Amino acid sequence: WLAKRGHSGNGERLAMLSQVKAFLETNGDALFTEMHRMHEDKRAHTPLRVGFRRVVDESGVSIKFDSAQEYIEKVSVRTPILWQYLCLPERFRREMCKGHDADAVAKLLRERGHLMTEGDRLMVRQRVNGLGKPSVYLIKPSIFEDEFEDL
């Protein structure tokens, strides 16, 4: 039974993290507007947008909009591009966390170091072109490196 299951940990915690990771892997290009392109293209082509994504360096600092494309071209040759995902609250709750308690998912992401937070808040306020400064769930690229083996 254990060999078939693959782990002896909490199945619900694994399911929550796996679902978020799979959602980003599957929909990262299609449902997240690239923030560095919003200044180039006044009409973002993401009709079913779940949120936004932006390029960050190895330390998690976002790359300035005017240099993001240059950074991608220069760095992608020797290192992978890292993306942060800024998820809109309702889409996070209804789609990314479907079937799970969204607050529990966000707390687990924070516990694992994959969610940027402000104090006790699970969301952060981020400036987004055309939307002002909404609260978003900010998921770090570290989620893609987590194998969830210790759950």
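**Notebook: Val 55 and helix 6**

I looked up Val 55 first; at 2% relative accessibility, it counts as buried, because the cut-off for buried is under 20%. The model is predicted, so I keep that in mind throughout. I placed Val 55 in strand 2, which covers residues 51-56. Then I checked its distance to Trp 83. The two sit 28 residues apart in sequence, yet their C-alpha atoms are 4.7 Å apart in space.

Next I went to helix 6, residues 102-111. Which of its residues are buried? I found Ala 102, Val 105, Ala 106, Leu 108 and Leu 109. Looking down the axis, I saw these buried residues fall within an arc of 160 degrees, so they line one face of the helix. An α-helix has 3.6 residues a turn, so positions three or four apart point the same way.

What do the buried residues of helix 6 pack against? I listed helix 2 (11-31), helix 5 (89-96), strand 4 (115-116) and strand 6 (135-139).

I then checked both ends of helix 6. At the start, a side-chain oxygen of Asp 101 comes to within 3.0 Å of the backbone nitrogen of Asp 103. Just after the helix, Gly 113 has a positive phi of about 85 degrees.

Last, I took stock of the whole protein. I counted 6 helices and 6 strands. From the N terminus, their order is α-α-β-α-β-α-β-α-α-β-β-β. Of the 151 residues, 43% are buried. Among contacts between residues at least 6 apart in sequence, 63% join residues at least 24 apart. The exposed surface is about 8900 Å², with 49% of it from carbon and sulfur atoms.

Note on methods. Residues numbered from 1 in each chain as written. Predicted model: local features only at pLDDT ≥ 70, side-chain atom pairs only at ≥ 80, totals over all residues. Heavy atoms only, no water. Helix = DSSP H or I, 4+ residues; strand = E, 2+ residues; numbered from the N terminus. Buried < 20%, exposed > 50% of the residue type's maximum accessible area, 1.4 Å probe, protein only. Arc of directions from axis to C-beta. Contact = heavy atoms within 4.5 Å. Polar contact = N/O pair within 3.5 Å; in protein donor to acceptor, adjacent residues only side chain to side chain. Areas by Shrake-Rupley, 256 points an atom, 1.4 Å probe, with all protein chains shown as cover.
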